[in-house]
Amino acid sequence: MNLDIEIDDNSFRLRARAWLRANLGVTSSDNIRHGGQTARKTATQWLAKCHAAGWSGVAWPREFGGQGLSPARLIIWYEEYTRARAPSALDCTFVGLNHAGPTLIACGSDTQKSFHLPRILSGKSIWCQGFSEPGSGSDLASLKTTGKVEDDMLVVNGQKIWSTCADLADYQELLIRTEPGSKRHRGLSWVICDMTLPGITVRPIENMAGVSHFAEVFYDDVRIPLSNVVGALHDGWNVAMTTLGFERKTAAIALQLELSVTVEDLITSAQAQPGTALSEQLADLRAEAAALRAMTYRAVLRDGGTPFDGSLIRLTFAELAQRIHRTAIDTLGAEALLDGPMVHDYLESYSETIAGGTAEIQRNIIAERILGLPREPRA
Ligand SMILES: Cc1cc2nc3c(=O)[nH]c(=O)nc-3n(C[C@H](O)[C@H](O)[C@H](O)COP(=O)(O)OP(=O)(O)OC[C@H]3O[C@@H](n4cnc5c(N)ncnc54)[C@H](O)[C@@H]3O)c2cc1C
């Protein structure tokens with residue numbers, strides 16, 4: 001069975017390919033992989049270059065500075081982007097471009113849009129996400145960080161955790177409890193938090209790959225203007241679901257295509273070592289990567305697909321990524337341990353079945369919402 005979907009728009013494809021070839025230069029993904037200020041500089045310089053040529057925010061509507069690409073052209077752009085080995089889309093610009101910006105477009109005020117959207121598109125401001133708290137990850141509605149309304153300000157106290165790039169970010173998508181005494185998903189607000197405000201402490205957390213991509217963030221009487229609330233005050237749950245919808249769907253096309261490139265690289269390096277015992281495994285991975293691509297393209301091309309395609313795609317991606325990076329290590333054997341980027345990617349892949357909703361949570365959604373199985377008991 002041929003799972004490759006051919007999208008016929010050759011003139012656009014050649015235009016994208018030519019621009020990438022002429023502009024990629026020495027931009028290196030390695031800088032981005034290790035995080036820190038160097039990663040921010042590399043990622044934002046690259047985004048500024050894309051922006052100047054009209055290739056930033058390709059999926060955003062034109063009226064907000066994007067390219068307004070059709071779903072088919074969006075796929076072509078990402079195909080060419082990953083084939084050209086452009087910097088990984090999962091850098092510090094990811095949150096701004098792929099979910100903070102789109103959330104502001106969907107739910108923000110005109111003032112919020114006109115201030116923030118151009119800065120996100122040009123790489124002038126970096127965003128992070130402050131949803132998870134200790135004890136409130138999968139069960140996000142149990143979050144406890146509060147924002148007390150005092151005149152025209154919110155006074156925020158509490159703690160967030162696992163906030164990716166919080167140490168580099170200028171702004172945060174902050175989800176807090178603003179209605180005193182409210183429970184679960186009621187009484188929350190989605191707020192734009194300026195990360196330079198007094199009372200904010202960011203403490204990076206090192207992961208098992210030895211890098212600090214994420215951080216704990218503490219809020220001690222942080223005063224945020226009420227005008228920074230996105231959507232209505234106390235209606236943050238609906239805004240957060242909009243954000244998660246963007247995070248779990250089209251935002252990840254580039255990451256999935258990167259997986260296909262990794263599989264093809266593995267096949268090439270295995271071919272250079274005659275006698276490798278992994279050919280069956282590699283053939284399976286190639287087929288699975290093609291199946292994931294087909295599933296994603298179908299969801300994107302079918303006018304956004306169903307609201308739950310994101311969980312199917314996210315789960316398939318996460319588990320496949322782990323198998324691919326494990327096979328990469330097997331392909332090279334003991335020598336793999338000397339390959340810094342390969343070991344790094346292998347260790348990082350463990351986080352795939354946790355970030356953006358764990359594999360168990362995605363399975364619950366698929367079971368209940370797609371297969372119609374009984375709901376698990378709710379607290
Ligand atoms: C690399 C990475 C980047 C991240 N970036 C961000 C970020 O930028 N911003 C942010 O806000 N958060 C971020 N997160 C946090 C992420 O969203 C949470 O880790 C995730 O939602 C899980 O929450 P938790 O860690 O509290 O685990 P828990 O929710 O405590 O889960 C612990 C275990 O219990 C299982 N479990 C929990 N509930 C159920 C259930 N109902 N049914 C079956 N099993 C269940 C889980 O699957 C898991 O195995 C990031 C996480 C990672 C790994």
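Contact here means heavy atoms within 4.5 Å of one another. The structure under discussion is a predicted model, and the following paragraphs lead through it from one residue in a helix to the packing of helices, then to two aspartates and to the cysteines.

A suitable place to begin is Trp77, which lies in helix α4. With a relative accessible area of 2%, Trp77 is buried, because a residue counts as buried when that area is under 20%. Once its neighbours within four places in sequence are set aside, Trp77 is in contact with Phe12, Ala16, Trp19, Leu20, Trp55, Val58 and Leu69. Ala166, by comparison, is separated from Trp77 by 89 residues in sequence, and the C-alpha atoms of the two are 29 Å apart in space.

The helix that holds Trp77 also packs against another helix. Two packed helices are described by the angle between their axes and the distance between the axes. For α4 (residues 71–83) and α8, the angle is about 40° and the axes are 9 Å apart. That angle makes α4 oblique to α8. The crossing of these two helices is right-handed. On the side of α4, the residues that take part are Leu74, Ile75, Tyr78, Glu79 and Thr82, and they meet Ile253, Ala254, Leu257, Glu258 and Val261 of α8. By type, the residues of this contact comprise 7 nonpolar, 1 polar and 2 charged.

Helix α8 (residues 253–271) has a further partner in helix α10 (residues 309–332), and here the angle is about 25° with the axes 10 Å apart. Helices α8 and α10 are therefore roughly parallel to each other, since angles under 35 degrees fall into that class. Their crossing is left-handed. From α8, the contact draws on Leu255, Gln256, Leu259, Thr262, Val263, Leu266, Ser269 and Ala270. From α10, it draws on Ile313, Phe317, Leu320, Ala321, Ile324, His325, Ala328 and Thr331. The residues of the contact between α8 and α10 divide into 11 nonpolar and 5 polar, with no charged residue.

Attention now turns to the backbone. Asp151 has a phi near 55°, a positive value in a residue other than glycine. This aspartate belongs to the loop between β2 (146–150) and β3 (153–164). Its relative accessibility is 74%, so Asp151 counts as exposed. Asp221 likewise has a positive phi, near 50°, and is a residue other than glycine. Asp221, however, is located in strand β7 (residues 214–225). At 48% relative accessibility, Asp221 counts as partly exposed.

The cysteines remain to be considered. A disulfide is a covalent bond between the sulfur atoms of two cysteines. How many disulfides does the structure hold? The number is 0. For Cys165, the closest cysteine sulfur is that of Cys92, and at 5.2 Å it is too far for a bond, because a disulfide requires the two sulfur atoms to be within 2.5 Å. Cys193 is also in no disulfide, as its nearest cysteine sulfur, in Cys128, is 7.8 Å away. Cys165 has a relative accessible area of 12% and is buried. Cys193, at 0% relative accessibility, counts as buried.

Conventions: Residues are numbered from 1 along each chain as its sequence is written. This is a predicted model: local features need pLDDT of at least 70, side-chain atom pairs count only at pLDDT 80 or more; totals for chains, interfaces and linings use all residues. Side-chain values use heavy atoms; hydrogens and water are left out. Axes are lines fitted to C-alpha atoms, for helices over the stretch in contact, and angles run from 0 to 180 degrees between N-to-C directions. Helices (H or I, at least four residues) and strands (E, at least two) are DSSP runs, numbered from the N terminus. Angles under 35 degrees count as roughly parallel, over 145 as roughly antiparallel, 65 to 115 as roughly perpendicular and the rest as oblique. A crossing is left-handed if the near helix is turned anticlockwise from the far one by less than a right angle, and right-handed if clockwise. Ala, Val, Leu, Ile, Met, Phe, Trp, Tyr, Cys and Pro count as nonpolar, Asp, Glu, Lys and Arg as charged, and the others, Gly among them, as polar. Buried means under 20% relative accessible area, exposed over 50%, partly exposed in between (1.4 Å probe, protein chains only).
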